[in-house]
Amino acid sequence: MAGFFCFANLWVDRRFLPLPLRAPAFLQAVNLAAGSAFLFTAVRAMASYQGVWGYGFLVLLLAGCMLAARKMRFLYEESPT
């Protein structure tokens, strides 16, 4: 989850914050490196712990997150009122 949080933090920073409130480029790069390291470590641990089933679980988990995010699109869309 830490890797997901790092990547989501970058996306939220770019999507919702005005330019003066965004993190500097150095902090964004560090956040990207940390998220990549967390993701790499999680994938390696999943593979060594559960083998091929671990990758299948990871793919299903990511697909579920993407579907849930698509269903929650109403949270960030502006209403026509």
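In which helix is Val12 found? Val12 belongs to helix 1, which covers residues 2–16. The legends below describe close-up views of a predicted model.

**View 1. The whole chain is built from helices, with 3 helices and 0 strands.** Read from the N terminus, the order of elements is α-α-α. The chain has 81 residues, and 12% of them count as buried. Its accessible surface amounts to about 7,000 Å². Carbon and sulfur atoms account for 74% of that surface. Contacts between residues at least 6 apart in sequence include a long-range share: 43% of them join residues at least 24 apart.

**View 2. A nonpolar patch on the surface consists of Trp11, Val12 and Phe16.** Together these residues have about 290 Å² of accessible area. Val12 is part of helix 1. Its relative accessibility is 36%, so Val12 counts as partly exposed. Trp11 is partly exposed, with a relative accessibility of 44%. Phe16 is partly exposed as well, at 43%. A patch residue needs over 30% relative accessible area. Val12 meets this cut-off because its value is 36%. Trp11 meets it at 44%, and Phe16 does so at 43%.

**View 3. Trp11 and Phe16 bring their rings together as an aromatic pair.** How many aromatic pairs are counted? The count comes to 1 aromatic pair. In that pair, Trp11 and Phe16 are edge-to-face. The ring centres of Trp11 and Phe16 are 5.6 Å apart, and the angle between the planes is 90°. The geometry is edge-to-face because 90° is over the cut-off of 60 degrees. Both residues also take part in the surface patch with Val12.

**View 4. Asn31 is a buried residue of helix 2.** Helix 2 spans residues 25–50. Is Asn31 buried or exposed? Asn31 has a relative accessibility of 14%, so it counts as buried. The cut-off for buried is under 20%. Which residues does Asn31 contact, leaving aside its neighbours within four places in sequence? Asn31 is in contact with Cys6, Asn9 and Leu10. Among these partners, Cys6 is itself buried, with a relative accessible area of 9%.

**View 5. Two cysteines, Cys6 and Cys65, have unlike surroundings: Cys6 is buried, whereas Cys65 is partly exposed.** Cys6 has a relative accessible area of 9%. For Cys65 the relative accessibility is 40%. The number of disulfides counted is 0. Cys6 is also one of the residues in contact with Asn31.

**View 6. Phe40 is an exposed residue of helix 2.** Its relative accessible area is 54%, so Phe40 counts as exposed. The cut-off for exposed is over 50%. How many residues apart along the chain are Phe40 and Gly3? Phe40 and Gly3 are 37 residues apart along the chain. Their C-alpha atoms are separated by 8.8 Å.

**View 7. Ala33 lies in helix 2 and is partly exposed.** The relative accessibility of Ala33 is 48%. Ala33 and Gly3 are 30 residues apart in sequence. From C-alpha to C-alpha, Ala33 and Gly3 are 9.6 Å apart in space. Gly3 thus appears in two views: with Ala33 at 9.6 Å, and with Phe40 at 8.8 Å.

Terms used: Residues are numbered from 1 along each chain as its sequence is written. This is a predicted model: local features need pLDDT of at least 70, side-chain atom pairs count only at pLDDT 80 or more; totals for chains, interfaces and linings use all residues. Side-chain values use heavy atoms; hydrogens and water are left out. Patches are made of residues with over 30% relative accessible area and no salt bridge: like charges are joined within 9 Å, nonpolar side chains (Val, Leu, Ile, Met, Phe, Trp, Tyr) within 5 Å. Accessible areas come from the Shrake-Rupley method with a 1.4 Å probe; for residues, only the protein chains shown count as cover. A salt bridge is a side-chain nitrogen of Lys or Arg within 4 Å of a carboxyl oxygen of Asp or Glu. Helices (H or I, at least four residues) and strands (E, at least two) are DSSP runs, numbered from the N terminus. Buried means under 20% relative accessible area, exposed over 50%, partly exposed in between (1.4 Å probe, protein chains only). Contact means heavy atoms within 4.5 Å. A disulfide is a pair of cysteine sulfur atoms within 2.5 Å. Rings of Phe, Tyr and Trp (its six-membered ring) pair if their centres lie within 6.5 Å; planes under 30 degrees apart count as stacked, over 60 as edge-to-face and the rest as tilted.
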